[in-house]
Amino acid sequence: MEFSWDFAPVFQNYPVLLKGVGMTALLWVIAFPLSMLVGFFISLATASRNKVAIGVGRSYVEIFRNTPVMIQLIWFFYAFPILTGQQLTPVFAALCGLVLNASAYCSEIFRGGIVSVPNGQWEGGKALGMSRQQLMRRVILPQVFARMLPAFTNRGIELAKNTSIASVIAVQELMYQGRALSAAFYRPLEILTAVGIIYFLLIYPGSYLASRLEKRFALRT
Amino acid sequence: MNYDWDFGAVWEYRQMLLDGALGTMKIAAVAILLGVVIGAVLATMRLSRVRWLEYPALWFTEFYRNTPPLIHFFWAFYALPVVLGVSLDPYAAAIIALSTQSGAFYAEVFRGGVISVERGQWEGARALGMKPHNVLRRVVLPQALQRMLPPFMERSFELIKTTALASTLAYSDLLYQAMQVNSITFRPLEVYTFVAAIFFVTLLTLSMLAHVVEARLSRSSYQSAR
């Protein structure tokens, strides 16, 4: 245990880490809304009555939920360009992988919400002459959205953690910068500990919010 | 999009990929076992109602649950040796990272299962004159275990997927071996698609098996309750 802590490299290089935080935030801010949007359309397919749509939607969900995110990112960066003949930038490949992965989970949250609405609501809406689309927009979604909030918050947290994997394909986000700094200054303990703490500070408020939301909705029902 | 798929490269280097698959299975199995032990210890600490046991366990689980798994790998491989004064090989570092993070998640699963059993059950069993450890063993745990099973399986599947991160430490898991095969054959599309397919088939099979077991368990407990 003959070791003296020296956090100087962390403080001296804070702009580098800050840049990394910026890239991590950028990945999250783009990927999260997109994942919800894509996930919503997938859930329309899996909650529909069209057998082909259900089959395609389910395969999408199962493929992305049952393979590691890291392989998805690597696949988009190294394998996908072979099919298209066009090299993707690291950021773009990372976003593809992150969005497809998170959207599969988001679609399951939407589907769970949609099927949780009792049948009577659908029937009541139909009896009033509403189309399936109108029903979805005016009756079903407004009710389930609040209930889905904790699950979406948790998904946002998982996504924030997954952005760190983008460092593997050389996206210069927080993890990448942290590794570069620790290699340059031979201070892995301080720098990697600092990176861990920064991640914790970024992610913990989200999971605190999720647990608060869960308690609130648990009380109401 | 006129690409000629050629899985010859995958077949030619099957031995390397098989070694990788074994490497993945090895760290997954060891990390699940160690994770269960760590999780049980942490859950016991959190349920102990002793402050100086409760809070360290709480902060340990919170820290692991709110930081990316990748940082645990790098920390175990590059930073922990500085603290310990001995260098760790990629295998040891991967096991440490995987088992501590899964331990943190398992702890929540175990704790959730125990507290989900209503207070009345404790009180009823105590009123019948059972000792606390008997109440735990005969009344609470049998019910809690069944409720823990689905989230426990889900966490274990997450762990299996997370093993792929061990490749960043140059541990020869399936993904790392695939990278090696790719660098020899320059066939990333086939190699990575193959690796993804292996994970997909394995995890889908396991989760279907888990569903069957869960359905059977809940049916049998319903029948014995009647």
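These are my notebook entries on a predicted model, taken chain by chain and then at the contact between chains A and B.

**Entry 1: chain A as a whole**

I began with the secondary structure of chain A, and I counted nine helices and zero strands. Reading from the N terminus on, I wrote the order of elements as α-α-α-α-α-α-α-α-α. I then looked up the extent of the C-alpha trace, which spans about 75 × 50 × 25 Å along its principal axes. Of the 221 residues in chain A, 41% are buried. I also looked at the contacts in chain A with a separation of 6 or more, and noted that 76% of them are between residues 24 or more positions apart.

**Entry 2: helix α2 of chain A**

Next I checked whether the length of α2(A), residues 14-46, fits what is expected of a helix with 33 residues. At 1.5 Å a residue it should span 48 Å, and the end C-alpha atoms are 46 Å apart, so the two values agree. I then asked myself which residues in α2(A) are buried. My list holds Gly20(A), Met23(A), Thr24(A), Leu27(A), Ala31(A), Phe32(A), Ser35(A), Met36(A), Gly39(A), Ile42(A), Ser43(A) and Thr46(A). When I looked up what these buried residues pack against, I found α3 (51-65), α5, α7 and α8 (174-185) of chain A.

**Entry 3: α5 and α7 of chain A**

Two of those partners, α5 and α7, also pack against each other, so I looked up their geometry, since two packed helices are described by the angle between their axes and the distance between the axes. The axes of α5(A), residues 90-116, and α7(A), residues 132-162, come within 9 Å and cross at roughly 155°. Because angles over 145 degrees count as roughly antiparallel, I recorded α5(A) as roughly antiparallel to α7(A). I noted the crossing of these two helices as right-handed. On the α5(A) side the residues that meet α7(A) include Leu98(A), Tyr105(A), Cys106(A) and Ile109(A), while on the α7(A) side I noted, among others, Ile140(A), Val144(A), Met148(A) and Phe152(A). By class, this contact has 12 nonpolar, four polar and two charged residues.

**Entry 4: α2 of chain B and Leu33(B)**

I turned to chain B and looked up how α2(B), residues 14-47, packs with α5(B), residues 90-115. Their axes are 6 Å apart and the angle is about 45°, and the two helices are therefore oblique to each other. I recorded the crossing of α2(B) and α5(B) as right-handed. The residues in this contact divide into 19 nonpolar, six polar and two charged.

I also picked out one residue of α2(B), namely Leu33(B), and asked whether Leu33(B) is buried or exposed. I counted 11 other C-beta atoms within 10 Å of Leu33(B), and since 12 or fewer counts as exposed, I wrote Leu33(B) down as exposed. For the distance to Glu118(B), which lies 85 residues apart from Leu33(B) along the chain, I noted 29 Å between the C-alpha atoms.

**Entry 5: where chain B touches chain A**

Lastly I looked up the contact between the chains, which takes 32 residues from chain B and 33 residues from chain A. On the side of chain B that touches chain A, α3 (51-65), α4 (69-84) and α9 (188-225) each supply at least two residues. The largest share of that side, 10 residues, comes from α9(B). I sorted the residues of this side of chain B by class as 25 nonpolar, five polar and two charged.

Notes: Residues are numbered from 1 along each chain as its sequence is written. Chains are lettered from A and ligands numbered from 1 in the order in which they are written. This is a predicted model: local features need pLDDT of at least 70, side-chain atom pairs count only at pLDDT 80 or more; totals for chains, interfaces and linings use all residues. Axes are lines fitted to C-alpha atoms, for helices over the stretch in contact, and angles run from 0 to 180 degrees between N-to-C directions. Helices (H or I, at least four residues) and strands (E, at least two) are DSSP runs, numbered from the N terminus. Angles under 35 degrees count as roughly parallel, over 145 as roughly antiparallel, 65 to 115 as roughly perpendicular and the rest as oblique. A crossing is left-handed if the near helix is turned anticlockwise from the far one by less than a right angle, and right-handed if clockwise. Two residues are in contact if their C-beta atoms, placed from the backbone, lie within 7 Å. Ala, Val, Leu, Ile, Met, Phe, Trp, Tyr, Cys and Pro count as nonpolar, Asp, Glu, Lys and Arg as charged, and the others, Gly among them, as polar. A residue is buried if 20 or more other C-beta atoms lie within 10 Å of its own, exposed if 12 or fewer, and partly exposed in between; C-beta atoms are placed from the backbone. The expected span of a helix is 1.5 Å times one less than its number of residues.
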